[in-house]
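I opened this model to look up a few local features and to keep notes as I went. The entries below follow the order in which I checked things.

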Amino acid sequence: MTRDDCLTMDAADPLAFARARFALPEGVIYLDGNSLGPPPVAAAPAMAASIAEEWGGGLIRSWNDAGWYDLPVTLGAAVAPLVGAATDEVIVCDSVSVNIFKLAAAALALRPERRAMVVEAGDFPTDGYVLEGLAALAGAEVRRVARDGLTAALRDDVAVLVATHVHFATGAIHDMAGLSAAAHAAGALTLWDLSHSAGALAVDLNGAAADFAVGCGYKYLNGGPGAPAFAFAARRHWPGLANPLSGWFGHAAPFAFEGGYRPADGVRRLLAGTPPILALKALAAGVATFAGVDMARAEAKSRALGDLFLALVAERCPTFAPVCPATGRGAQVSIAHPDGYAIMQALISRGVIGDFRPPDMLRFGFPSLYVRYVDVWDAVDGLSVVMSADEWREARFATRAAVT
Ligand SMILES: *Cc1c(COP(=O)(O)O)cnc(C)c1O
């Protein structure tokens, strides 16, 4: 494999058209779209227009005239096909953390005789943290269970299994259909965290009989820093769906100002307060970057980019140990090195941006809409220089920042 081979692969890439949809800085190879997607070209004009025309011109009228009131629902409908949901089963709102709280509480309410919530030990921590807070309020219990023990942990007191479809650190993928079937056989519900799946893989929530799901707006969906998240509730659960954050935007008639709470139909009841319209506009531009993109093709390209990266690292930087599984991996790869933090900082200073996850992982994401094969080549080339020239030993790369 040569750099020219990579250029040839890029020239033949059926997804190459999508890169022009992003405003990527010159001289940077961006392999961290799994933490923060880059801005869509359309995001800034869309937000500017919304500020000038809708907010500025329409003022309060824009809640009706510019579709603001329905935006969490209409944007949810745009996200739905990316995750294998029906268009009315997804709503965009709040953060992943808050949506985990709401939907895990909804699951507990649907299984009142069961009080345990199972979550994978070593998963992205916010899910477990939020469940702890919910457990304290709901008189429930959190069980952190090793990955290979999840099925065995589905005992008859388990209300819900909360699982991240693609592991944030290793990229390992759960068999969503298999685990959902095991949970259902045990009488439990499933709540899937799609933070590293939505916009990265061809996700099929309904094909896998998932009950509930949440996902992130600012990673692969390119919605901007702190973008709203999304929530999915399978239609069969709508009748008994209870949102513990029963705010006025989830009310059946918010502007009737009734004395008591009466939930809206369907997933709209998952709303709590007033939606952040400007943030939703940016996320809409992010979701629109997937127009005409076949997710099976996107998934296959990310896997090919990751395979190429691992093969080049094995060839040129053999001191790194791959952490991710060889198959069944999401759109990111992780490699380990005891000096991983400093090495990543040195690499970033060369314009190759990935990130670091403790204790020793360098993590690289390969979103297929804008990462090219030649980027993979150049990234590993940069890494090999950082290593062979010992650049990472410079003192300035050792100091840890707040966000790694
Ligand atoms: C990024 C991520 C989150 C983020 O949660 P927020 O509340 O939106 O900040 C949650 N879960 C997983 C698995 C993630 O990767």
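**Ligand contacts.** I began with the polar contacts to the ligand in this predicted model, and found a polar side-chain atom of Asp127 at 3.3 Å from a nitrogen atom of the ligand. A polar side-chain atom of Asp193 lies 2.7 Å from a nitrogen atom of the ligand, and for Lys219 I noted a polar side-chain atom 2.5 Å from an oxygen atom of the ligand. I then looked up the areas: the ligand taken alone exposes 390 Å², of which the protein buries 89%.

**Shell around the ligand.** I listed the residues that surround the ligand as Ser95, Val96, Ser97, Phe124, Thr126, Asp127, Thr164, Asp193, Ser195, His196, Tyr218 and Lys219. By class, I sorted this shell into three nonpolar, six polar and three charged residues. Helix H5 (96-110) and helix H6 (125-138) each supply at least two residues of the shell.

**Thr190.** I next turned to Thr190, which I found in strand E6 (residues 189-193). Is Thr190 buried or exposed? Its relative accessible area is 0%, so I entered Thr190 as buried, the cut-off being under 20%. Leaving aside residues up to four places away in sequence, I recorded contacts of Thr190 with Val160, Leu161, Leu179, Ser180, Ala183, His184, Ala209, Ala210, Asp211 and Phe212.

**Helix H4.** In helix H4 (residues 71-79) I noted Leu71, Pro72, Leu75, Gly76 and Val79 as the buried residues. These cover an arc of only 135° around the axis, and therefore lie on the same side of H4. I also looked up what covers the buried residues of H4, and found among the elements strand E2 (90-93), strand E8 (229-233) and helix H8 (277-288).

**Backbone checks.** I went through the backbone with the expectation that most residues other than glycine have a negative phi, and that most peptide bonds are trans. Leu59, in the loop between helix H2 (43-58) and helix H3 (62-65), has a positive phi near 50° without being a glycine. Asp390, in the segment after helix H11 (373-388), is likewise not a glycine and has a positive phi of about 55°; I entered Asp390 as partly exposed, with a relative accessible area of 35%. Finally, I noted a cis peptide bond that joins Pro358 and Pro359, with omega about 5°, and I placed Pro359 in the loop between strand E12 (355-357) and strand E13 (361-365).

Note on methods: Residues are numbered from 1 along each chain as its sequence is written. This is a predicted model: local features need pLDDT of at least 70, side-chain atom pairs count only at pLDDT 80 or more; totals for chains, interfaces and linings use all residues. Side-chain values use heavy atoms; hydrogens and water are left out. Buried means under 20% relative accessible area, exposed over 50%, partly exposed in between (1.4 Å probe, protein chains only). Helices (H or I, at least four residues) and strands (E, at least two) are DSSP runs, numbered from the N terminus. The arc is that of the directions from the helix axis to the C-beta atoms. Contact means heavy atoms within 4.5 Å. A residue is near a molecule or strand if one of its heavy atoms lies within 4 Å of it. A polar contact is a pair of N or O atoms within 3.5 Å; within protein, one must be able to donate a hydrogen and the other to accept it, and residues adjacent in sequence count only if both atoms are side-chain atoms. Accessible areas come from the Shrake-Rupley method with a 1.4 Å probe; for residues, only the protein chains shown count as cover. Ala, Val, Leu, Ile, Met, Phe, Trp, Tyr, Cys and Pro count as nonpolar, Asp, Glu, Lys and Arg as charged, and the others, Gly among them, as polar.
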